Amino acid sequence: MKNHALVFFSVLFLLGATAAAQPLPKGAAGKKIALDIKGMDVADVLKMIAAEAGLNLVIDKGVSGRVNLLLKDVRPEEALDAVLAAHRLVREERGSISLIMTAKDYEEAYGVLPPDYREFERVILTHVRARQAAALLEQLKSTRGRILVDETANAVILVDTAEKNKQLCCLLREMDVALFTESLPLRYAPAAAVAPLLAEALGRPLAGVVVDERSNQLIVRATREDLARLRRLLEELDVRGREVMIDARIVQVNLDDKLSLGVDWDALLCNNVRWEGRFDQLVSSGGSVWTLGTLAPEDPEDWRAVVEALRTVGEVRILSSPRLTVTHNESAKILVGSKQVYVTSSAVVSPSATQTTEAVNFVDVGVKLYVTPAVSPDGFICLKVRPEVSSVVENYRTAVGNTIPVVETSEAETTVLLKDGAAMVIAGLMKEEKVRTVNKVPLLGDIPFLGALFRSRSERDRKTELAIFLTCRIVEWDAGAGPDETVEKEKGADYNTS
């Protein structure tokens, strides 16, 4: 047998040395064929495929056997590899000639099997479509491996090394399980936020989670065991978020010359406020420093005593008293001021004409307060607060005549831990502005030109300081109430959640 193999290779070497290279016929590389073979000789099948692929084959006389194969929409090269792997045949390239022999003859001639020797595995699937499974395996096969589909039998044909086929077969067995589709409605959590968590917990090929944002539902495709596990996980994720009621008081103190450096809060409120610390502003043109403290008494209305104490040092004005309810870990914004409007122009130049378009823009000016509360399991409130005060200091006129406001902004940001029902105070922001006043005699002062004799203008500097009081309460709900029958328990002062 060994002598026979040596003679065979000598003849093939002479053929390969004299044969001219024959390129594949035009269109053969992208051509696809279908095979439905039952009991046909393997040598005849190889010749038929070689004719379709435009290959030159020399088949050893030791190649024998019958072929039973059903393939649809495959390339000739893929069909050839499937036949070779199914009958444990080896293909060796010699120039433009492909040598086909048995694996045993190759091993006797060279002493080893070829490094890319591939085997044939046919896996029939019961629950999963073969084409879907094959698409997932494409990225896992080796570089010389082939994955074919027999749609009639719903089977996946693996043509790869023995080790790789073993891995792919294990993966196919994991895929081939019964999957069921079920819709899981959510009451509180947004479906889009929960879906990635469930999909990661699923971790099974061909299973998945689809979001229906309209009805806030999750469409899950998984096994019965995974569905039961996801339901239990969803019960822990889909819970009602706790809410925090925030009562805000924004107070402005007009400073006189005696308080040009601002209110001495330590001396004024040493017995009413426990100061937590000072922190510089993130953006500031005035160089002032915020002071943060918490009201010592538990009385939620104690801020009134602080305001009365402020009246002893200057004119006090309450700019706003907003009240809002914020969900756990969500942000809220309070604006006390106005939207300053300005116009920008842009020109579009074309060969025929130049068109100028105007855009109206708005910028928030005044007192802005951003709050983000988080409720801890032990009943404390972690409050992230960012106050911001802005004003227009001048107007900038562009070359085309547009007026753009120049906004001066002071802001800071901090996080503080409060007890339920406690209040905090942020003070220390000083602002200086020009106040222009016009005094005139009624009627006479409005006469054009001559009216200037009956009116006068004055301008003075005004310094103000802002103080922000925040009282935070956790909103409690009746545990026995349904989702549409929540009842708030009042704590401290009477307040409304609407």
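What does the chain average in pLDDT, the predictor's per-residue confidence from 0 to 100? The average is 75, and 77% of the residues score at least 70. This is a predicted model, so to speak from the start: local features need pLDDT of at least 70, side-chain atom pairs count only at pLDDT 80 or more, and totals for chains, interfaces and linings use all residues. Residues are numbered from 1 along each chain as its sequence is written, and side-chain values use heavy atoms, with hydrogens and water left out.

**Where to be careful**
- Over residues 1–27, pLDDT stays under 50, and the model has 34 contacts (heavy atoms within 4.5 Å) beyond four places in sequence for them.
- Residues 281–287 also stay under 50 in pLDDT, with 18 contacts beyond four places in sequence.
- Where pLDDT is low, don't read the predicted coordinates in detail.

**The sheet**
- Three strands (DSSP E runs of at least two residues, numbered from the N terminus) make an open, antiparallel sheet in the order S9-S11-S10.
- S9 (180–185) and S10 (208–212) are at the edges with a single partner strand each, so one side of each has no neighbour in the sheet.
- Neighbouring strands are turned by 20° against each other on average, direction ignored.
- S9 pairs with S11 (residues 217–222) in the antiparallel sense over 6 bridges (pairing takes at least two DSSP bridges).
- Thr 181 has Arg 221 as its bridge partner in S11.

**Helices across it**
- Helix H7 (residues 191–202; helices are DSSP H or I runs of at least four residues) lies across S10 and S11.
- H7 runs at about 175° to S10, with angles taken from 0 to 180 degrees between N-to-C directions of axes fitted to C-alpha atoms, for helices over the stretch in contact.
- Helix H8 (residues 224–237) lies across S9 and S11, at about 10° to S9.
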